[in-house]
Amino acid sequence: KKKTGLLSYVTPQVSGSGQAINGSNNWPTSIYGVNPEYLNIKIWELTDGSMFTNAEVRSAAKVAVVGQTVVENLFTAGEDPIGKMIRFNSIPFKIIGVLAEKGESNFGQDQDDVILAPYTTVQKRILAIDYIQSIVASAVSEEDAQSAVEEISAILREQHNIASNNNDDFNVFSMDELISTFSSTSEM
């Protein structure tokens, strides 16, 4: 982020799917490993509790923020999930926050069917990897989105030591590009 003036927030991202368990309740869901800036990028509020901190990312803490669909399926008696322990693929996580309801995405996915945890924890405990699968960022404004894509590409080419005559070893997509790609695919 230091090298760019066009990004407001940036987070690494890793993700996996599996079973979330609370007592006798279990629910197949996805876990996203991110940093605290993820909520600002997604413009997502918490209805209860708090987001994990950068200190918890550094220590790979086993803490989680959960979506409403996960809460409804794991806490069927309506208990308050804050402070409770759940397991995801047998790893214990303490719930510290609950996400506000977001509903379906542009792609028809239930955005509330999600667990967020520090990306370091998901890397080590869930995926057993030491690399980042993707980076999610927000541009300082909608008008700057395309320039931000170009700037990120230039930074990544430099970081990856890619010669000017060689192809990129990464892909950068804007939300507009993803939506238009999805729309044309769904029309087919």
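## Ser138 and strand β8

Ser138 is found in strand β8. The model is predicted. At 13% relative accessibility, Ser138 counts as buried, because the cut-off for buried is under 20%. Its C-alpha atom lies 5.7 Å from that of Leu7, although 131 residues separate Ser138 and Leu7 along the chain.

Which residues does Ser138 contact, leaving aside neighbours within four places in sequence? They are Leu6, Leu7, Ser8, Tyr9 and Ile41. Strand β8 itself covers residues 134-139.

## Overall architecture

The protein has 6 helices and 8 strands. Read from the N terminus, the order is β-β-α-β-α-β-α-β-β-β-α-β-α-α. The chain of the protein holds 188 residues, and 38% of them count as buried.

Contacts over long stretches of sequence are well represented. Take the contacts in the protein with a separation of 6 or more: residues 24 or more positions apart account for 68% of them. On the outside, the protein exposes about 10700 Å². Carbon and sulfur atoms supply 47% of that exposed area.

## Ile95 in strand β6

Ile95 lies in strand β6, which runs over residues 91-99. Is Ile95 buried or exposed? At 1% relative accessibility, Ile95 counts as buried.

Ile95 and Val66 are 29 residues apart in sequence. In space, their C-alpha atoms are 7.1 Å apart. Val66 is also one of the contacts of Ile95, once neighbours within four places are set aside. The other partners on that list are Ala64, Phe75, Pro81, Ile82, Gly83, Lys84 and Ile86.

## Helix α4 and its cover

Helix α4 spans residues 119-127. Its buried residues are Tyr119, Thr120, Thr121, Val122, Gln123 and Ile126. An α-helix has 3.6 residues a turn, so residues three or four places apart point the same way.

What covers the buried residues of α4? The cover includes strands β1 (7-22), β2 (25-34), β5 (85-88), β6 (91-99) and β7 (114-118). Helix α2 is part of the cover too.

## After the helix: Ala128 and Ile129

Ala128 comes just after α4. Ala128 sits in the loop between α4 and β8. Its phi is near 55 degrees, a positive value in a residue other than glycine. Most residues other than glycine have a negative phi, and most peptide bonds are trans. Ala128 counts as exposed, because its relative accessibility is 68% and the cut-off for exposed is over 50%.

Ile129 lies in the loop between α4 and β8. At 16% relative accessibility, Ile129 counts as buried. Leaving aside neighbours within four places in sequence, Ile129 is in contact with Val14, Gln123 and Lys124. Val14 is 115 residues away in sequence, yet the C-alpha separation of Ile129 and Val14 is 9.5 Å. Gln123 is one of the buried residues of α4.

## A second positive phi: Ser90

Where is Ser90? Ser90 lies in the loop between β5 and β6. Ser90 is not a glycine, but its phi is positive, at about 70 degrees.

## Charged surface patches

Which residues gather in the patch of positive charge on the surface? They are Lys62, Arg87, Lys124 and Arg125. Lys62 is placed in the loop between α2 (54-58) and β4 (63-66). Its relative accessibility is 33%, and Lys62 therefore counts as partly exposed. Lys124, another member of this patch, is also among the contacts of Ile129.

A negative surface patch is formed by Glu72, Glu101, Glu104 and Asp110. Glu101 lies in the loop between β6 and β7. At 61% relative accessibility, Glu101 counts as exposed.

Technical notes
Residues are numbered from 1 along each chain as its sequence is written. This is a predicted model: local features need pLDDT of at least 70, side-chain atom pairs count only at pLDDT 80 or more; totals for chains, interfaces and linings use all residues. Side-chain values use heavy atoms; hydrogens and water are left out. Helices (H or I, at least four residues) and strands (E, at least two) are DSSP runs, numbered from the N terminus. Buried means under 20% relative accessible area, exposed over 50%, partly exposed in between (1.4 Å probe, protein chains only). Contact means heavy atoms within 4.5 Å. Accessible areas come from the Shrake-Rupley method with a 1.4 Å probe; for residues, only the protein chains shown count as cover. Patches are made of residues with over 30% relative accessible area and no salt bridge: like charges are joined within 9 Å, nonpolar side chains (Val, Leu, Ile, Met, Phe, Trp, Tyr) within 5 Å. A salt bridge is a side-chain nitrogen of Lys or Arg within 4 Å of a carboxyl oxygen of Asp or Glu. Lys and Arg count as positive and Asp and Glu as negative; His and the chain ends are not counted. The place of a charge is taken as NZ of Lys, CZ of Arg, CG of Asp or CD of Glu.
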